[in-house]
Amino acid sequence: EGGMATVYKALDTRLERLVAVKVIRTEKGQDEQFLKRFEREARALAQLNHPHIVHINDAGEHDGLPYVVMDYLPGGTLKQKLGRALPYAQAAGLLAPIARALEYAHQKGVIHRDVKPANILLTQAGLPLLSDFGIAKILQAPETTELTATGVGIGTPDYMAPEQWLGQTVPQTDIYA
């Protein structure tokens with residue numbers, strides 16, 4: 001459960017496989033800004049096709065609450081691996097694919113803005129996938145879809161670049177994180 005949505009482990013009965021269903025939190029379902037962010041995340045992720053970015057399988061709305069269906073990744077998060085030293089080769093093996101995923105997203109005009117260990121999911125084999133594009137900045141988006149005010153930082157404070165604290169969005173913010 002995050003600040004914007006709750007993710008459930010579910011069974012896709014048609015394809016008979018486990019999936020993750022991200023549903024906007026009930027108290028946020030009435031907030032137009034959160035609904036726009038959630039919709040934007042679904043569209044942004046659906047356009048990104050990279051082996052180290054979580055795949056969107058479906059999106060829709062149920063009882064007025066939007067949802068996104070994604071691949072279920074049983075390996076947990078990178079955050080769960082923190083607290084103990086990792087051999088440098090293993091650390092590089094986790095970070096390099098995420099760097100390539102960010103490079104790809106940046107080439108597609110998407111800046112994640114919330115890169116952190118909790119948003120790096122792991123497959124059962126331990127391969128990292130970047131997730132949670134909920135506050136992503138879509139560079140080609142017109143001004144009318146801007147979700148943050150000028151001078152207002154958005155992200156997770158522990159991983160925010162100085163530019164983010166000032167409300168600026170540049171690809172380097174993801175690299176800093």
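**Exercise 1. Decide whether Leu86 is buried, partly exposed or exposed, and find what surrounds it.**

Solution. Leu86 has a relative accessible area of 28%. Since buried means under 20% and exposed means over 50%, with partly exposed in between, Leu86 counts as partly exposed. The model used here, and in every exercise that follows, is a predicted one. As a next step, place the residue in the fold: Leu86 sits in the loop between E4 and H2. Finally, list its partners: when residues up to four places away in sequence are not counted, Leu86 touches Ala91 and Leu94, and Leu94 is itself one of the buried residues of H2.

**Exercise 2. Describe helix H2 by its extent, its buried residues and what comes after it.**

Solution. Begin with the extent: H2 covers residues 88-107, which makes 20 residues, and from its first C-alpha to its last it reaches 28 Å, close to the 28 Å expected at 1.5 Å a residue. Then turn to burial, where Leu94, Pro97, Ile98, Ala101, Leu102, Tyr104, Ala105 and His106 are the residues of H2 that are buried. Last, look past the end of the helix, where Gly109 follows H2 with a positive phi near 85°.

**Exercise 3. Work out the order of the strands in the open sheet of four strands, and say which of them lie at its edges.**

Solution. The order across this open sheet is E1-E2-E4-E3, and the pairing is antiparallel. The edge strands, each of which pairs on one side only, are E1 (5-12) and E3 (56-62). From one strand to the next, the twist averages 25°.

Now take the pairs in turn. Strand E2, residues 17-24, and strand E4, residues 65-71, are joined in the antiparallel sense over five bridges, and in this pair Val19 stands opposite Asp71 in E4. E3 and E4 also pair in the antiparallel sense, over six bridges, with Glu61 placed opposite Pro66 in E4. These two strands, E3 and E4, form a hairpin that has two residues between them, and Asp63 in the turn shows a positive phi of about 50°.

**Exercise 4. Determine whether Thr6 in strand E1 is buried or exposed, and name its contacts.**

Solution. Thr6 belongs to strand E1, which is one of the two edge strands of the sheet. Its relative accessibility is 13%, and because buried means under 20%, Thr6 counts as buried. Leaving aside neighbours within four places in sequence, the residues in contact with Thr6 are Glu1, Val21, Lys22, Val23 and Arg25.

**Exercise 5. Compare Glu16 and Arg113 by their phi values, their places in the chain and their accessibility.**

Solution. Start with the backbone: Glu16 has a positive phi near 55° although it is a residue other than glycine, and Arg113, not a glycine either, has a positive phi of about 70°. Next, locate them: Glu16 is in the loop between E1 and E2, while Arg113 is in the loop between strand E5 (110-111) and strand E6 (120-122). The last step is accessibility, where Glu16, at 68%, counts as exposed, whereas Arg113, with a relative accessible area of 7%, is buried.

**Exercise 6. Find out which residues and elements build the largest nonpolar core.**

Solution. This core has 28 residues, and those with the most contacts inside it are Phe38, Leu48, Ile53, Val68, Leu130 and Phe133. The elements that give two or more residues to the core are helix H1 (32-47), E4, H2, E6 and strand E7 (128-130). Of these, H2 gives the most, with six residues. To see one member in detail, follow Ile53, which, apart from neighbours within four places in sequence, is in contact with Leu45, Leu48, Ala101, Tyr104, Leu129, Leu130 and Phe133.

**Exercise 7. Summarise the protein as a whole by its elements, burial and contacts.**

Solution. The protein has four helices and eight strands, and along the sequence these follow the pattern β-β-α-β-β-α-β-β-β-β-α-α. Of its 177 residues, 41% count as buried. Among contacts between residues at least 6 apart in sequence, 57% join residues at least 24 apart. The accessible surface comes to about 10,200 Å², and 53% of this belongs to carbon and sulfur atoms.

Methods. Residues are numbered from 1 along each chain as its sequence is written. This is a predicted model: local features need pLDDT of at least 70, side-chain atom pairs count only at pLDDT 80 or more; totals for chains, interfaces and linings use all residues. Side-chain values use heavy atoms; hydrogens and water are left out. Two strands pair if DSSP finds at least two bridges between them. Axes are lines fitted to C-alpha atoms, for helices over the stretch in contact, and angles run from 0 to 180 degrees between N-to-C directions. Buried means under 20% relative accessible area, exposed over 50%, partly exposed in between (1.4 Å probe, protein chains only). Contact means heavy atoms within 4.5 Å. The expected span of a helix is 1.5 Å times one less than its number of residues. A nonpolar core is a set of buried Ala, Val, Leu, Ile, Met, Phe, Trp, Tyr and Cys residues joined through side-chain atoms within 4.5 Å. Accessible areas come from the Shrake-Rupley method with a 1.4 Å probe; for residues, only the protein chains shown count as cover.
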